[in-house]
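Trainee: Could you take me through one part of this structure in close detail? I'd like to see how that part sits in the whole chain.

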Amino acid sequence: MAIQQAVVAVPARLQSSRLPNKVLAEIGEKPMIQRVLERCREASTVQAVVLCTDGPRLQQLVEGWGCPVLMTSPDCSSGSERIASVAD
């Protein structure tokens, strides 16, 4: 049986209504989003990990870690919608 390779799309934004900048909260001296992206890259069947965001600040930070970013519309109302908007 052939092992399938996956692309992991991680939705993230800085304008959370309950906790703004939540994805930048530090956990063990690293921003949460960095830890999430690193863990996703460790999965054995993952071909690529990409961040889906509407924020240029987050884009610049994540690209600096060597992770590709797909920019989405700020009008996306959920993470699922953010991923769907760039799925092509």
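What follows is a close look at one loop, and then at the chain around it.

Trainee: Which residues stand out in the loop between strand 1 and strand 2, and is Ser16 there buried or exposed?

Mentor: Happy to. Keep in mind that this is a predicted model. Let's get our bearings before we zoom in. The protein chain holds three helices and five strands, and reading from the N terminus the order is β-β-β-α-β-α-β-α. Its radius of gyration is 13 Å, close to the 12 Å that the globule rule gives for 88 residues, so the chain is as compact as a globular protein of that length. Along the principal axes, the C-alpha trace spans about 45 × 30 × 20 Å.

Now for your loop. Strand 1 covers 6-11 and strand 2 covers 26-27, and Ser16 is found in the loop between them. You asked about burial: Ser16 has a relative accessibility of 14%, and because buried means under 20%, Ser16 counts as buried. Look at its side chain too: a polar atom there lies 3.3 Å from the backbone nitrogen of Leu19.

Stay in that loop and find Asn21. Its phi is positive, about 65°, although Asn21 is not a glycine. That's worth a second glance, because most residues other than glycine have a negative phi. Asn21 is partly exposed, at a relative accessible area of 32%. So this loop gives you a buried residue in Ser16 and a partly exposed one in Asn21.

Move on to the loop between strand 2 and strand 3 (30-31), where you'll find Glu29. Here again phi is positive in a residue other than glycine, near 70°. Glu29 has a relative accessible area of 73%, and since the cut-off for exposed is over 50%, Glu29 is exposed.

For a residue in a strand, try Val46, which sits in strand 4 (residues 46-53). Val46 counts as buried, with 17% relative accessibility. Leaving aside residues up to four places away in sequence, Val46 touches Gln5, Ala6, Val8 and Cys40. Ala6 and Val8 fall within the 6-11 stretch of strand 1, which takes you back to the strand your loop starts from. From Val46 to Ser85 it is 39 residues in sequence and 21 Å in space, C-alpha to C-alpha.

Then go to Asp88, in the segment after helix 3 (79-84). Asp88 is exposed, with a relative accessible area of 98%. Its C-alpha is separated by 25 Å from that of Gln15, and these two residues are 73 apart along the chain.

Finally, zoom back out to the whole chain. Buried residues such as Ser16 and Val46 belong to a group that makes up 30% of the 88 residues. Among contacts between residues at least 6 apart in sequence, 50% join residues at least 24 apart. The accessible surface comes to about 5,900 Å², and 52% of that belongs to carbon and sulfur atoms. As for charge, there are 9 positive and 9 negative charges, and their mean positions are 6 Å apart.

Key. Residues numbered from 1 in each chain as written. Predicted model: local features only at pLDDT ≥ 70, side-chain atom pairs only at ≥ 80, totals over all residues. Heavy atoms only, no water. Helix = DSSP H or I, 4+ residues; strand = E, 2+ residues; numbered from the N terminus. Buried < 20%, exposed > 50% of the residue type's maximum accessible area, 1.4 Å probe, protein only. Polar contact = N/O pair within 3.5 Å; in protein donor to acceptor, adjacent residues only side chain to side chain. Rg over C-alpha atoms; globule rule 2.2 N^0.38 Å. Contact = heavy atoms within 4.5 Å. Areas by Shrake-Rupley, 256 points an atom, 1.4 Å probe, with all protein chains shown as cover. Lys, Arg positive; Asp, Glu negative; His and termini not counted. Charge placed at Lys NZ, Arg CZ, Asp CG, Glu CD.
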